[in-house]
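Q: I am new to this structure, and I would like a close look at a single part: how charged side chains pair up. Please explain the terms as you go, and then show me a few other places.

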Amino acid sequence: MDIDVRGPRFGAAVTTVVLAVVLITGSAWLSAWQTLAFALGAAGGVGRSPYGWVFRRVVRPRLGPPTEFESPRPPRFAQSVGLLFAGVGLVGLTLGPEWLGLAATGAALAAAFLNAAFGYCLGCEMYLLARRVSVRAE
């Protein structure tokens with residue numbers, strides 16, 4: 001079943017804010033929260049993430065009906081990529097080196113911002129590229 005494209009963009013906007021606050025404050029707790037949010041989105045799809053739940057319950061009812069849909073697979077893969085970077089960021093912020101935590105968090109922030117502001121999902125593009133490469137390899 002395809003998903004409303006506005007959901008992942010909403011999640012990316014919230015993620016952008018959370019990761020910006022992590023970079024400003026160095027909060028490992030907030031970094032852990034974002035890592036958990038990515039983990040839930042990677043495991044169950046973007047609709048199962050906390051931000052997906054908020055979108056579905058609070059935001060979407062206030063919007064008009066969706067006009068664009070997308071496969072849930074690319075955003076779910078993007079959540080996995082976000083989980084990887086957020087996890088590395090969390091390790092760097094808690095165990096060190098701090099520069100690693102800040103760099104990984106900054107990379108995740110940049111990707112989330114691109115999706116939130118411009119609708120360009122880097123993780124989704126990685127998924128589609130990997131699919132094209134695997135189809136050509138067959």
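A: Here is a walk through the salt bridges, followed by some other spots.

This is a predicted model, in which local features need pLDDT of at least 70 and side-chain atom pairs count only at pLDDT 80 or more, while totals for chains, interfaces and linings use all residues. Residues are numbered from 1 along each chain as its sequence is written, and side-chain values use heavy atoms, leaving out hydrogens and water.

A salt bridge here is a side-chain nitrogen of Lys or Arg within 4 Å of a carboxyl oxygen of Asp or Glu. By this rule there are 2 salt bridges. In one of them, the side chains of R6 and D4 meet, with 2.7 Å from N to O. R60 also forms a salt bridge with D4, and here the closest N and O atoms are 3.5 Å apart. This R60 and D4 pair links distant parts of the chain: R60 sits in the loop between α3 and β2 (69-70), D4 is in strand β1, and their positions lie 56 residues apart. Helices (H or I, at least four residues) and strands (E, at least two) are DSSP runs, numbered from the N terminus. Together, D4, R6 and R60 are linked in a network of salt bridges.

How covered are these three? Buried means under 20% relative accessible area, exposed means over 50%, and partly exposed lies in between (1.4 Å probe, protein chains only). D4 has a relative accessible area of 6%, so D4 is buried. R6, at 25%, counts as partly exposed, and R60 is partly exposed too, at 31%.

Next to the R60 loop in the chain comes helix α3 itself. Helix α3 (residues 50-59) has P50, Y51, G52 and F55 as its buried residues. Among the elements that cover them are β1 (3-4), α1 (6-25) and α2 (28-44), where contact means heavy atoms within 4.5 Å.

Let us also stop at G26, in the loop between α1 and α2. Its relative accessibility is 30%, so G26 counts as partly exposed. Apart from neighbours within four places in sequence, G26 is in contact with V21 and L93. The C-alpha atoms of G26 and G64 are separated by 38 Å, and these residues are 38 apart along the chain.

Finally, F113 lies in helix α5 (residues 98-118). F113 has a relative accessible area of 42%, which means that F113 is partly exposed.
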